[in-house]
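Reader: I would like a close look at one part of this model, with the contacts between charged side chains taken one by one. Please keep to what can be read from the atoms.

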Amino acid sequence: MGGSGGGERTPEGSEEQQKRSEIYTYEAPWHIYAMNWSVRRDKKYRLAIASLLEQFPNRVEIVQLDDSTGEIRSDPALSFEHPYPPTKTMFVPERDCLRPDLLATSADFLRIWRISSDDEGDDENNKKSNSSSKSSSRVELRSLLNGNRNSEFCAPLTSFDWNEAEPRRVGTSSIDTTCTIWDIEREAVDIQLIAHDKEVYDIAWGGVGVFASVSDDGSVRVFDIRDKEHSTIIYESADPPETPLVRLGWNKQDPRYMATIIMDSAKVVVLDIRFPTLPVVELHRHQASVNAIAWAPHSSCHICTAGDDSQALIWDLSSMGTAGGSASAGGGQQAAAAADGGLDPILAYTAGAEIEQLQWSSTQPDWVAIAFSTKLQILRV
């Protein structure tokens, strides 16, 4: 992914390495918005992508890279219609294949889909014929979850996050100012709370019972579900005040750190929850609005950002003391370094259009996926 050309880059090294591309591209029949990697060990290089169409019927496709041919293919049996454009899609965070193969989407409701095949559970058949397994694959709607107890209609959901530590829990954010924590096994609301003063745009889990959200009111708030009456404001946008915050990424390797995106801003704000209100560092190298952030799944100090400048940038934040730095070293020195705006990305990639979506594979940490226009690209980092 190094360098900044949008074209294919020839890898150096052995003949075998040269056969392997560093960039794989899939062209969808529609504009892609929502996109996410599967985490199951038996489904390497599998992603879900969803359309952004200005009409009621939209589409979700499940695609997979064939490592031997370098082709990303869509399985027609796993392509299905979806009401409204999904704001997010996400596979169940379960690597060991012990639970059903689930996919969630958010739009007017939270929907849980089950991916299955006719010979599921028959290991002998699976070993004998992958092709029969593919041909009999299907996606079925398992749950349609409406957080509005008083109506069959629900305020649109802006985002959701699946709790890795407790996969029965999914948290959703909504334009009605609420966050809702679902128990998807019981298909029931665990907790629903008014999280902000205005629309909530994103939600992220930071542990078993802790989540954070960002909002049109310009604040990042952290909630502990054991104390539903209180939240901690970690950051408020200041330039100008109450500028909406649109995305939130919580560092899974070191949950002291999170990152947020300001609406229509080219900067990314990295926060240390031990030092509320003062960013650890602000990343300033994008030339247009940032749309997506993804922390590295295998490193506490690397983050990828992408935006309307068609750039995907990877940053090493260790020089800012954001990984394993002592609390005493935190505040002042980091703020001074942030004020200089001196941090440069360590890797850059230029796509063919504005990048709207970005996901770092948690099971294949050498790979990042981006979506722009009608294209999905998988990039080796």
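How many salt bridges does a search of the whole structure find? Please then take the ones around Asp183 in detail, and go on to the strands and loops that follow.

Author: The model is a predicted one. A search of the whole structure finds 24 salt bridges.

Asp183 is a good place to start. Asp183 forms a salt bridge with Arg168, and the closest N and O atoms are 2.8 Å apart. Because Asp183 lies in strand β13 and Arg168 in the loop between β11 (157–162) and β12 (169–174), the pair ties together parts that are 15 residues apart in sequence. Asp183 has 5% relative accessibility, which is under the 20% limit, so this residue counts as buried. Arg168 has a relative accessible area of 27% and is partly exposed.

Asp183 has another partner. The side chains of Asp183 and Arg186 meet in a salt bridge at 3.2 Å, N to O. Arg186 is at 52% relative accessibility and therefore counts as exposed. Arg186 in turn meets Asp190 through a salt bridge between their side chains, at 2.7 Å, N to O. Asp190 counts as partly exposed, at 29% relative accessibility. Salt bridges that share partners join these residues into one network, whose members are Glu166, Arg168, Arg169, Asp183, Arg186 and Asp190.

Next comes the backbone. Glu187 is placed in the loop between β13 (178–183) and β14 (188–194). Its phi is near 55°, a positive value in a residue other than glycine. At 42% relative accessibility, Glu187 counts as partly exposed. Most residues other than glycine have a negative phi, and most peptide bonds are trans. The loop between β18 and β19 also holds Glu242, a residue other than glycine with a positive phi, near 65°. Pro240 lies in the loop between β18 (231–236) and β19 as well. The peptide bond from Asp239 to Pro240 is cis, with omega near -5°.

That loop leads to a sheet. Four strands form this open sheet, in the order β19-β20-β21-β22, and their pairing is antiparallel. Its edge strands, β19 (245–250) and β22 (281–283), each pair on one side only. From one strand to the next, the twist averages 25°. Within the sheet, strand β20 (residues 257–262) and strand β21 (residues 268–272) run antiparallel and are joined by five bridges. Ala259 stands opposite Val270 in β21.

Residues of this sheet also appear among the contacts of Ala212, which is found in strand β16 (residues 210–215). Ala212 has 0% relative accessibility and so counts as buried. Its C-alpha atom is separated by 4.2 Å from that of Val222, although the two residues are 10 residues apart along the chain. Leaving aside neighbours within four places in sequence, Ala212 is in contact with Asp202, Ile203, Ala204, Arg221, Val222, Leu248, Trp250 and Met258. Among these, Leu248 and Trp250 fall in the edge strand β19 (245–250), while Met258 falls in strand β20 (residues 257–262).

Methods
Residues are numbered from 1 along each chain as its sequence is written. This is a predicted model: local features need pLDDT of at least 70, side-chain atom pairs count only at pLDDT 80 or more; totals for chains, interfaces and linings use all residues. Side-chain values use heavy atoms; hydrogens and water are left out. Two strands pair if DSSP finds at least two bridges between them. Helices (H or I, at least four residues) and strands (E, at least two) are DSSP runs, numbered from the N terminus. Axes are lines fitted to C-alpha atoms, for helices over the stretch in contact, and angles run from 0 to 180 degrees between N-to-C directions. Buried means under 20% relative accessible area, exposed over 50%, partly exposed in between (1.4 Å probe, protein chains only). Contact means heavy atoms within 4.5 Å. A salt bridge is a side-chain nitrogen of Lys or Arg within 4 Å of a carboxyl oxygen of Asp or Glu.
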